[in-house]
Amino acid sequence: METKSTCSYCGVGCGVIIEHDATRITGVRGDPEHPANFGRLCTKGNTLHLTVTPQALAQRLTHPQLRRDKAALREQVGWDTALDHAADRFAQVIAEHGADSVAFYISGQLLTEDYYVFNKLAKGLIGTNNVDTNSRLCMSSAVAGYKATLGADAPPCAYEDIDHADCLLIAGSNTAWAHPVLFRRIEDARKARPAMKLIVVDPRRTDTAEAADLHLAILPGTDIALYNAMLHVLLWEDLCDLDFIGAHTEGFATLKALVRDYTPTMAADICGIKAEDIVTAARWFGQAPTALSLYCQGLNQSSHGTDNNAAIIHLHLATGKIGKPGCGPFSLTGQPNAMGGREVGGMANLLSAHRDLANPEHRAEVARLWGVPEVPAKPGLTAVELFEAVQRGEIKALWIACTNPAQSLPDLTRVHEALARCPFVVLQEVSPHTDTAAFADLLLPAAGWGEKEGTVTNSERRISRVRAAVAPPGEARADWRIAVDFAQRLESRIRPDATTLFPYATAESVFNEHRASTVGRDLDIGGLSYAVLDGKGPQQWPMCAGASAGTPRLYADGVFPSTNGRAIFKAVNHRPTSEATDARLPLHLNSGRLRDQWHGMSRTGVVPRLFAHAPEPVLEMNARDMERRGLVNGDLVRVKGKRGALVLRAAASSRLRPAQTYLPMHWGARFMSGLGVNALMPAVTDPVSHQPELKHAAVQVERFATDWQLVALRRDEWASRGGLHATLQPWLARFDHATLTLSGRESTVVVLRAWGGAGSALPTADLLAELSAAIGLDRPDVLAFNDARRGIAKRALIEDDCLIGALLCNETRATDWLMDLIARGGSTQELRKWLFAPCAAPPTASPARGRIVCNCFDVAESEILADFASGLDLAAVQTKRKCGTSCGSCRTELHRLQGQGASKTQMDPIVKTESCRV
């Protein structure tokens, strides 16, 4: 059987076809009819079905769990008990402390219908605007930037504009990794139109930057200086459209006077790039008949993110390149439904259908729609503010849905303190193992991908249907249903004699009320329904009643949704990052995505093959910075900032300029010692959007000396007990540093690596015995080797001639090939005598395969380099291996490896290839 739905990762909004037997999802492929992707999927989308395998489902939250006391363990309870308890607690808190003593923190991964109910629950029933979302962390500066310049939060472009752009400016986005399907479309457009220019603005030389005609590797936080200087050049060289400016904008004279000082030379000094490159970028943008900009977190996650957005939008307004095919400022969303949440007003300062909370008329309109006396005027607490209020004890009851603030917010130590202090925390989730779950007093099991009905809106304003293929596991429920069931119980306690505000029986009934709220607004979808979406497919808003299709492009008439119909130039000045480097903290720390992982990895983190491209947490550094500190690839380092420190391995990277470091955002406390990169990030926010500066901190890096290392490898056969990975998580805290990851493809291998710091004692026999028991290596048939004098201990377990587990203490050179052997399940007949040998590859077997470049076809970097060294060109390698011919996410890396030939990659600090010498 097949069911059409939507991918649940990035904001591209790819259509998928779910293959299933009505009880179990068995496969997934791209929907060739969906206009967002035309059948293409990235590595994450291609493996969606692997997040709901029987083994993965065994790690799901399937029943409500409640603890009535902070010191108690949670116990399984029924839904009635769980929701009645939650309603009692919320009602009591509201009665004793007021409506603003409760809060909701929700997610851009919820469906639009889910979002709508939560928003109405908080603002309509309870009477608090304390409902915010993790979209605050990724998209609120884009929202504020659009509103400040164009008058409304409405991305004016469509994906098809990529096909028509003569100049494409990508800023603060590694599109090749963060939005791979969209990057494939960019590649197609460049192939079809070779004269098209690609400019990429990014401090790092990412895969996206490598593909560019011009890479502007600006210093962190200098975006405004760059775009002001480009506008300076556009003015100086008469590349502005003065007629458009005069007829359709305001405020240009003030900005013109300001950017007069932003000469290319001045901006080059600020940005750390060549003045002539700024001139080239401006000329390409200004002289091109059409110009499109794509931008994401590099602009948004800044203490001046709103102004960053405004500065890039100015380039389009100044040249009149907006509202036309191939033109416009296009903010890319990072989550599958960040747009939908904005549409229903699911943030602390918004109301339904792009209404403003500060507008009394808008509040009155929503109150009439909902049938309540009023909507509160007091602004709610935004994400960072909310958790600061929790820490101060002002929030007594907190409901978190579909997000992991204990990993994703900045200054995580304070966030953990806040969650621990909150009297009552509800977490509505698919996984009981997230960082936030440890703080929950009530866990509520939610339906996940492939299990629920509703709609989502992607980056180009296109609304798609999400359809359930199978029922959720256990007692899990759809998010909107959980919110409605709770709301009905709560209203019986706080407004017992009133008609229910939540009469919804289906997700469609929620959508219909949302649709009614949009009529007459800029996002009017009066002509849209589930039936239309089912019959005509996904549609872009606005789609008013009577329209036959949605609207692909906005502002073609030059009329903008501001008070006077004009777009607005906003005088914005360069400001530095909130945290400057100095002699004590001399390095910039940046963060971002990995190619094959998603957010906090609560879903991708159960799919072992998605670890193959980036197997463990690694801090990337410039080679000269490593040399100055006496570091080599693979060394452990301590990264110290103003708010704390992390320990992890370091790798030299040619992608970073001196004094810059990079650590991916995904690795949290489930996978490594410490809380992750956001423990180092400041809780400083943009004054308008309230989005935190998650892209930059000042740090120092120093060697972390170690005396010993331990590695435990085990094929995961613990599905019935929630998985071995979850079982071993407490072990991360028992070592000076440790990581806990997955390996394998068809089978799952759990990999625990641990280090003892300088001067630490070797693991005791009791600890090794305890760990052996935890991974099932305490059986009598386990092979064992002990060298007490050198503190070496090794264990191996073989079943049916296959190695299924190993433990190596204080001599670990065989780790990689043993891990490969366990993962592929090969015969150990010729290898048994080498299992405990101190070598990285036995004489009778090939070296460990190392990092996987092509996840679709399981092609390793070592294999690709060997093919190039043998004389094959890229086309021949792709014919032989098929790498880069499916999702295409590895294409840029293939070109890079072709240039390297037989040399080793600069970013592989782990693999050692020496063989045994006997």
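Here are three short exercises on this predicted model, each with a worked solution.

Residues are numbered from 1 along each chain as its sequence is written. Because the model is predicted, local features need pLDDT of at least 70 and side-chain atom pairs count only at pLDDT 80 or more, while totals for chains, interfaces and linings use all residues; side-chain values use heavy atoms, with hydrogens and water left out.

**Exercise 1. Helix α12**

Task: Find which residues of helix α12 (residues 264–271) are buried, and work out how they are placed around the axis.

Solution:
- Start with the terms: helices are DSSP runs of H or I with at least four residues, strands are runs of E with at least two, and both are numbered from the N terminus.
- Buried means under 20% relative accessible area, exposed over 50%, and partly exposed in between (1.4 Å probe, protein chains only).
- By this rule, P264, A267, A268 and C271 are the buried residues of α12.
- These residues lie on the same side of α12, because they cover an arc of only 105° around the axis (the arc is that of the directions from the helix axis to the C-beta atoms).
- Now turn to the other side of α12, where T265 and D269 are exposed.
- Finally, look for the packing partners: the buried residues of α12 pack against α9 and α13 (275–287), where contact means heavy atoms within 4.5 Å.

**Exercise 2. Strand β9**

Task: Describe how strand β9 (residues 197–201) is covered, and name the strands that pair with it.

Solution:
- Check the cover: four of the five residues of β9 are buried.
- Recall that two strands pair if DSSP finds at least two bridges between them.
- Strand β8 (residues 167–171) runs parallel to β9, joined by five bridges; here C167 stands opposite K197.
- Strand β10 (residues 214–216) also pairs with β9 in the parallel sense, over three bridges, and L216 is the bridge partner of V201.

**Exercise 3. Two salt bridges**

Task: Locate the partners of E210 and R481, and say how far apart in sequence each pair is.

Solution:
- A salt bridge is a side-chain nitrogen of Lys or Arg within 4 Å of a carboxyl oxygen of Asp or Glu.
- E210 pairs with R896, with the closest N and O atoms 3.1 Å apart.
- E210 lies in helix α8 (residues 207–210) and R896 in helix α30 (residues 891–900), so this pair ties together parts 686 residues apart in sequence.
- R481 meets D485 at 3.0 Å, N to O.
- R481 and D485 are four residues apart in helix α21 (residues 479–494), so about one helical turn separates them.
- As a last step, check the cover: R481 is partly exposed at 21% relative accessibility, whereas D485 is buried at 11%.
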